[in-house]
Amino acid sequence: MKIRVVEEEGLEEAEILIRCQPGQTARLRALLSGLDLEPGRKLAGRREGQTYLLEPEKVLYIETVDKKTFLYTAKEVYETDLRLYELEERLGEREFFRATKSVLVNFNGIRSLRPDLGGRLRLAMVNGEALYVSRQYAPALKKRLGI
């Protein structure tokens, strides 16, 4: 695969052109899914009567409790109107992964992990909290991390 970057004056925005032989589209789609093609995308969360726009990178994990969805940062908790599956689609597999039926975790928010009882994994987050990956989702995480 060749990658070529050409700088041109007068362009209003960057342009990406991909040329490939037939049959390579699946491989290229996987490559493109890892690119951040939506700069400035933010998540809206409410706290104390105000709505805040949050960078997804600042959210350590997302949890649904009693049909309400919460965004957890290092120091604050925000409520959002989006459902967990909507956030999972919006954030993609690159940044977040499903840890349980009710929790999405940001890869960058994990300090360490270790095996736990029953095939679960215990995650130590950068803010000191502990989260668990259910045995249903643990194999996919291990495979992704190469362990």
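**Close-up views of a predicted model**

**View 1. The two faces of strand E10 in the predicted model.** Leu131 and Val133 make up the covered face of strand E10, which spans residues 130–133. Ala130 and Tyr132 lie on the uncovered face of this strand. Ala130 also serves as the bridge partner of Ala124.

**View 2. The hairpin of strands E9 and E10.** Strand E9 comprises residues 121–125 and runs antiparallel to E10, to which four bridges join it. One of the pairings to inspect is that of Ala124 with Ala130 in E10. Between the strands of the hairpin there are four residues, and Gly128 takes a positive phi near 95 degrees.

**View 3. The open sheet of strands E8, E9 and E10.** Three strands form this open sheet in the order E8-E9-E10, and their pairing is antiparallel. Strand E8 (110–115) and strand E10 are the edge strands, each of them pairing on one side only. On average, neighbouring strands of the sheet are turned by 25 degrees against each other, with direction ignored. In general, the strands of a sheet pair through backbone hydrogen bonds, in either a parallel or an antiparallel manner.

**View 4. Helix H3 across the sheet.** Helix H3, formed by residues 138–145, lies across E8, E9 and E10. Its direction is at about 60 degrees to that of strand E9.

**View 5. A nonpolar surface patch of Met1, Ile3 and Val5.** Together, these three residues present about 410 Å² of accessible area. Val5 belongs to the segment before helix H1, which covers residues 25–33. Why does Val5 count as exposed? The relative accessible area of Val5 is 73%, and the residue is therefore exposed, the cut-off being over 50%.

**View 6. The whole protein as context for the close-ups.** The predicted model contains three helices and ten strands. Along the sequence, these elements follow the pattern α-β-β-β-β-β-α-β-β-β-β-β-α. The protein has 147 residues, of which 30% count as buried. Among contacts with a separation of 6 or more, 39% are accounted for by residues 24 or more positions apart. The accessible surface of the protein comes to about 11,000 Å², and carbon and sulfur atoms contribute 49% of this area.

Conventions. Residues numbered from 1 in each chain as written. Predicted model: local features only at pLDDT ≥ 70, side-chain atom pairs only at ≥ 80, totals over all residues. Heavy atoms only, no water. Buried < 20%, exposed > 50% of the residue type's maximum accessible area, 1.4 Å probe, protein only. Pairing = 2+ DSSP bridges. Axes fitted to C-alpha atoms, helices over the stretch in contact; angles between N-to-C directions. Contact = heavy atoms within 4.5 Å. Patch = residues over 30% accessible without salt bridge, like charges linked within 9 Å, V, L, I, M, F, W, Y side chains within 5 Å. Areas by Shrake-Rupley, 256 points an atom, 1.4 Å probe, with all protein chains shown as cover. Salt bridge = Lys/Arg side-chain N within 4 Å of Asp/Glu carboxyl O.
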